[in-house]
Amino acid sequence: MKASTHSHSPCKACAEGADLGFDFKMALQPIVNATDRSVFAHEALVRGPNNEPAGTVFASVNDRNLYHFDQLCRIRAIELAAALNLDTMVSVNFMPNAIYQPERCIQTTLEAAGRCNFPLDQIIFEITESEQVQDIQHLKRIAEYYREVGFTVAIDDFGAGYSGLNLLADVPADLLKLDMALIRDVDTDPTRQAIIYGVIDTATRLSMRVIAEGIETYAELSVLQEMGIELFQGYLFARPAFQSLPSVPDAAFEPPTA
C-alpha cells in the first residue's frame with residue numbers, strides 16, 4: 001500500500017513543531033525470521049548525531065518537546081529506510097502520551113511516507129511507554145486507526161514495565177515483542193519457559209506473531225525456536241548499524257563450533 005493523502009490536516013503543533021534544542025539520528029537493527037533466515041524488519045533506534053547512545057538523546061526530551069520529538073523520530077526513520085532502499089518493514093517506536101488525535105497526528109508520517117514513496121504497509125509502529133498510559137481507550141483508538149490506515153502495530157517490551165496483560169486485553173495489535181528480561185537464560189530457566197509458552201498460546205489465539213528480542217546466545221535461540229517462535233532480534237544476529245543497513249551472518253543461525 002502506497003502512502004495516500006488524507007482528509008485530515010495536521011494540527012498547529014504538528015505543522016509548526018518546536019525547536020528540539022538538540023539533534024539526533026537513527027540506527028537500524030534487524031528482526032530476523034530464523035526459519036528461512038530472512039530479515040523480517042529493521043527497527044529504527046534513536047542515536048545521537050555521532051552515534052551516541054539513546055540515553056544521551058532521551059535526556060534532552062521533556063514535556064515541551066516530546067510531541068515534536070515523536071514526530072521527528074517517525075520522519076527520520078522513514079527517510080532513512082527510503083534512502084537505504086529498504087525492502088523489509090521498518091519498525092518505529094511511538095509514545096502514546098505524545099499523540100493527541102490519531103487522525104491528525106499521523107499526518108506528518110503520511111506526508112513523509114508519500115514524499116519518500118515508502119509503502120505504508122512496510123511500517124510497523126511499536127507501542128512503547130516508560131510511563132503508564134492513563135487512558136487505555138485512547139491507546140486503543142490509536143492502534144485501531146493505525147491498522148485501518150495500513151500500518152502494522154506491535155506491543156513492545158511485553159513482560160516488563162507497563163506492557164502487560166491489560167494491553168493484550170484492550171489494544172489490538174499484530175505483533176508481540178517479548179522483553180529481553182523474559183528471554184535472558186531461557187534455555188536453563190523452566191519458569192521462564194513456562195511463562196513464554198503461555199504467552200505464545202495467548203498470542204496465537206489473538207492472531208498475533210511473537211518476536212523474541214534481546215537474543216544473545218544460540219542456546220536461547222534454539223530453545224525459543226523449539227517453542228514455536230520464528231521472529232528474533234538481538235546481538236546474536238547484529239548490533240544496531242548507525243545510519244546504515246546491518247548484515248546478518250549465516251553463522252548466527254548455527255550452533256557454535258567447538
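Student: Which word fits Asp23: buried, partly exposed or exposed?

Tutor: This is a predicted model, in which local features need pLDDT of at least 70 and side-chain atom pairs count only at pLDDT 80 or more, while totals for chains, interfaces and linings use all residues. Residues are numbered from 1 along each chain as its sequence is written, and side-chain values use heavy atoms, leaving out hydrogens and water. Buried means under 20% relative accessible area and exposed over 50%, with partly exposed in between (1.4 Å probe, protein chains only). Asp23 has 39% relative accessibility, so the word is partly exposed.

Student: Which residue forms a salt bridge with Asp23?

Tutor: A salt bridge is a side-chain nitrogen of Lys or Arg within 4 Å of a carboxyl oxygen of Asp or Glu. For Asp23, the closest N and O atoms are 2.9 Å apart, and the partner is Arg76.

Student: How many residues apart are Asp23 and Arg76?

Tutor: Helices (H or I, at least four residues) and strands (E, at least two) are DSSP runs, numbered from the N terminus. Asp23 sits in the loop between α1 and β1, and Arg76 in helix α3. The pair links distant parts of the chain, and the separation is 53 residues.

Student: Which helix holds Arg115, the partner of Glu79?

Tutor: The side chains of Arg115 and Glu79 form a salt bridge, with N to O at 3.1 Å. Glu79 lies in helix α3, so the pair ties together parts 36 residues apart in sequence, and Arg115 lies in helix α5.

Student: How many salt bridges are there in the whole structure?

Tutor: Some share partners, joining Glu43, Glu126, Lys177 and Glu213 into one network. A search of the whole structure gives a salt-bridge total of 13.
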